[in-house]
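Let's take a quick tour of two spots in this protein: a run of paired strands and an enclosed space. Have the model open and follow along.

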Amino acid sequence: MSANAAFAQQADSKDVAAKAAEEAPETITVTGSRLTSKNVVSSSPVQTITEQAFDVVGAVDTIDLLNTLPAFTRAQDTSFANGANGTSTLDLRGLGSIRTLVLMNGKRLPPGSPTPGGYPSDINLIPAQLIQRVEVVTGGASAVYGSDAVSGVANFIMKRDFSGFEIDGLFGFNQSNNNSLDAQQRLIAAGITPRTGSDTGNPTFDVSAVFGASLGEGRGNVTGYIRYMRNDGLNQSERDFSQCALSLGANPNPICLGAPTGPFPTNFILTPVLAPGATTAIPLRNPDGSILLDANGNPRTSAALALQPDGSVRDGTNSFNFNPFNPLRRQVERINAGFSGYYNLTDSIEAYAEFGFTKSTSPQVIAPSGGFGSEITRVNCDNPVLTVQMRQLFCGSASLTGPWPRDVDNDRYVQAQVQRRFVEGGPRTDERTLTNFRTVYGVKGDIAENVKFDVFGQWSETSLDRLQTNNVTRTPLLNALDIVTDPATGQPACRVAVQGTDRNCVPFITNYNPNGTNDPRLRAYLDTPTLTRGKTSQVMFGGTLQSDLGAFGIASPWAEDGISLLIGAEYRKETLVTRPDATASSGQLLAGAGALLPGDGETQITEFFAETSIPLVQGRPFFDSLALTGAVRRSEYKSRNNLTGVRGGEFAPVSYALGISWAPVKELRLRGQYQRAIRAPNILELFLPVNTGLANVADPCSGFAGTNQAPTRPLSACQRTGVSAAQYGAIPPSGAQVNIRTGGNPNLQPEVADTVTLGAVFQPSFVSNLSISLDYFNIRVKEAVGTVPAVFTIERCLDSGAPEFCSLINRGPDGSLTFRGEPPSFVDQRTQNIAGLSTSGIDAQINYAHDIGGLGRLNWNYAATYLFAFKTTPIAGGFTANCVGKYDLQCELPRFRYRHSLTTTWRTPWTVDIALNWRYQSAVDRILSINPTTGVPVTWTEAGRGNFTGARLNAESYIDLTAFWTVTKGLQLRAGVRNLLDNDPPVVPQFNPAPSFTVEGNTVSGVYEAVGRFIFVGANVSF
């Protein structure tokens, strides 16, 4: 990004201010305040990341660098497969990306995507090649910037006065040695050939150009940019640890298993069937017609059956290893282009403008579609492809013409869930293209001496084109499975084709006969490509007036500077529209996709705010400076669902802040701030259409008694979740997924957060080039908007029977949580003001530079976070669990006690600079259960299962190494390796039990390096 190889994470806003003052000596603005002043002092801690930091780790996506910083937690990025929405979002303090406000040049970025989970701002809109620095503020900043700034603010400051022409290019790829002995042994045991030896992939190209020129003899500047970036992605099949989905169970060492819900070959699930007026279920039969008995000699009325390669069926279920199809790193192609500029209309009035265009395409490729759970619930007994064994089991008779005892409706159909992956169709593709236009325009300057103004407008629109292919659709699959003998040919054919109602239907032969042959046209028949379009827009107008009241004599008698006061107003309107096509909105897509329902909502916000800085004492003994800061904002929200006319989200919260900064001497400054922050629920949280999807959770009450898939929890516990005594032991196995119901809630109220920061900055005069800062933070969020994870709901209901959890579980007529008929089964995960979140800890930052004589100069930049607490209260009135050093269940992602980033840069005298970056994160323990009375998490280790894979994720250190060579004044070359030692990520089995968060490739991708080394070379040419 730059010909200067120095790397810095500046610790303090005073450092930033000093640097900025040299560039623009009149006034400066520091993130966390709108005030501009010659002597700006912030009471909030500000961490600054310079542009050179991106080059040190070879960051192509901005998110890749920021997620390595201790204060950030993984959110949306290209490591997501299931659950990806095509955006990259920031999550400061682990409180959720929706609570981190993202700014560019102090202006709010728009919503990222109209899809569920996509509302947080997408930082892919930010032109990486124009970044001058990133300022990160911890703690609520709603009084200054408005809603969403609960955990803090990330402000991307762009280059302003660029003149000339600069081209920057990078090529990189991932490499791994694939030398995990444990992984290879598991694969061999499962009959899978392991990936071994050196493996390269994910070629990555990033080319950008920046060009700028001064205008009107220095009265202005215009800077343009264009960038093209592409990476090909990396599949889980390309790393030994992720080749096979792992299941844990009772064995400490996981096995290759996969997902039994979507299997290959087919599973058939038979549940008890009663004849009209009967009180006992119809028994199943053996191929010879005799009654099938269990181990105790009792007639069996239910079974889970797996199709075998020879065409027979056996007790049990088949699984499917979906991992090889899924990405560890998604493919991305992105174009950024735009310009920014300003022009001094007069000596005191400046007009400014920004324009940006971004188009990002990311195909989300995942395992083949099919019939999951109870999406297909019948088999026709006059099917000629059924074997005698199948017909006896399914229908109760081997006859092709009937009668069939289990056909109690005399319609030729019997109950049998059909579960199968349509591997013949290949993997599903969910390609999302996000196109964004953003403009900012305004005028600022002086309208009188010591009175400044800034009026601006901004408009942004993000459109979504979501193309889904290779998704099996319900009606064609039902038709293809309903096979009869064609009287004209004597061959198997679709019933609807014989009847003439759908002559295009192609029979799905291999669903019943693995050795059969399908007509090649079957793939096209089952797949109906779907297109969903959506749009988010943001229109915003605002203005501020600021005055240095010292010019009017309003100042402390002990201070040279007067009181600064700023007042302002803003209006913002955000809209969100989604329009799925008929196939998607009708619920025809299978594999748990659910119906994609249309949405159309809007929110209008009118805000008035004020901010002040009050210097109390300056230049006195023990009071080099003492200042107070304050801010207040009143916001009026009005929201509406334009499809239904329902209104919601109408409230007028007030946020405010009080701060103090005291420097007893120039070398030491103490600071503190209290903020009352708010976050209003967004359009998706208010009005997302109610829908049913899938969660990777096992139902421990499902399964057939007397088989190897019997329920794992006792009847007494399962009854709390809605299972009857008659259903217990006869519920179809859930595999590893259950239905969940999601949707918005127009009755939501704003979140309220109280944030406290206390800190000190020490820059001793007796040690040159040393800066030390320590900052304590405490953030408490009340009435947090969110959902209760299904796995947590089920476990808490089983353990405690608490109605606040058990009322969220709705079982189907068969007692399952996979039933898709009427009434449907589901675990309710609709949005609500659930309870609370809080976190507290200390940030430490140390910057030091030291000359080493003729060998050049060494720079050290250290940034660390130590957590005291990360507490979650999942539902109002529930217990609170401290998640520090733990993961899973209500804690979800790993919550590290300690993380740091330490960069050492050697600026040699030979035009070569070398940067070594050490990233560290402490160990975490997996939670097995949570005490239902005290809320204290019980880890696997504490429960005597410390030898189980994933029970403890050990501390991890990553080393990044980069070298820069300044060949000439206008040419710099660079080369480096991220994750130099090719650390393998810790293994977290994906099933039995499934973690409460999305696990990709048997690890926490995005939190740990999962794709091996990233080796890169780059060049920067400037004219």
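Start at the hairpin of β25 and β26, where 2 residues sit between the strands and N450 takes a positive phi near 70 degrees. Keep in mind that this is a predicted model.

What are the strands on either side of that turn doing? β25 and β26 run antiparallel to one another, paired over 19 bridges. To pick out one rung of that ladder, look for K444, whose bridge partner in β26 is D454. β26 also has a partner in β29, again in the antiparallel sense, this time over 18 bridges. There, V455 has G543 of β29 as its bridge partner. Here are the two pairings side by side:

| Strand pair | Residues | Sense | Bridges |
|---|---|---|---|
| β25 and β26 | 428–448 and 451–469 | antiparallel | 19 bridges |
| β26 and β29 | 451–469 and 530–548 | antiparallel | 18 bridges |

Now for the empty space. The second largest cavity holds about 480 Å³. It is lined by 35 residues, and those closest to its centre are D64, R329, R978, G1006 and E1009. Which elements give two or more residues to this lining? They are α3 (62–66) plus the strands β10 (199–215), β11 (220–231), β18 (327–329), β48 (898–907) and β49 (912–921). β49 gives the most, with 3 residues.

As for the chemistry of the wall, the lining of this cavity splits into 14 nonpolar, 13 polar and 8 charged residues.

How values were computed. Residues are numbered from 1 along each chain as its sequence is written. This is a predicted model: local features need pLDDT of at least 70, side-chain atom pairs count only at pLDDT 80 or more; totals for chains, interfaces and linings use all residues. Side-chain values use heavy atoms; hydrogens and water are left out. On a 1 Å grid over the protein atoms alone, a cavity is a set of points where a 1.4 Å probe fits but cannot get out, and a pocket is an open set with protein on both sides within 12 Å along at least five of seven lines; lining residues have an atom within 4 Å of a point. Grid points are joined across faces, edges and corners, and a volume is the space filled by probe spheres set on the points. Helices (H or I, at least four residues) and strands (E, at least two) are DSSP runs, numbered from the N terminus. Ala, Val, Leu, Ile, Met, Phe, Trp, Tyr, Cys and Pro count as nonpolar, Asp, Glu, Lys and Arg as charged, and the others, Gly among them, as polar. Two strands pair if DSSP finds at least two bridges between them.
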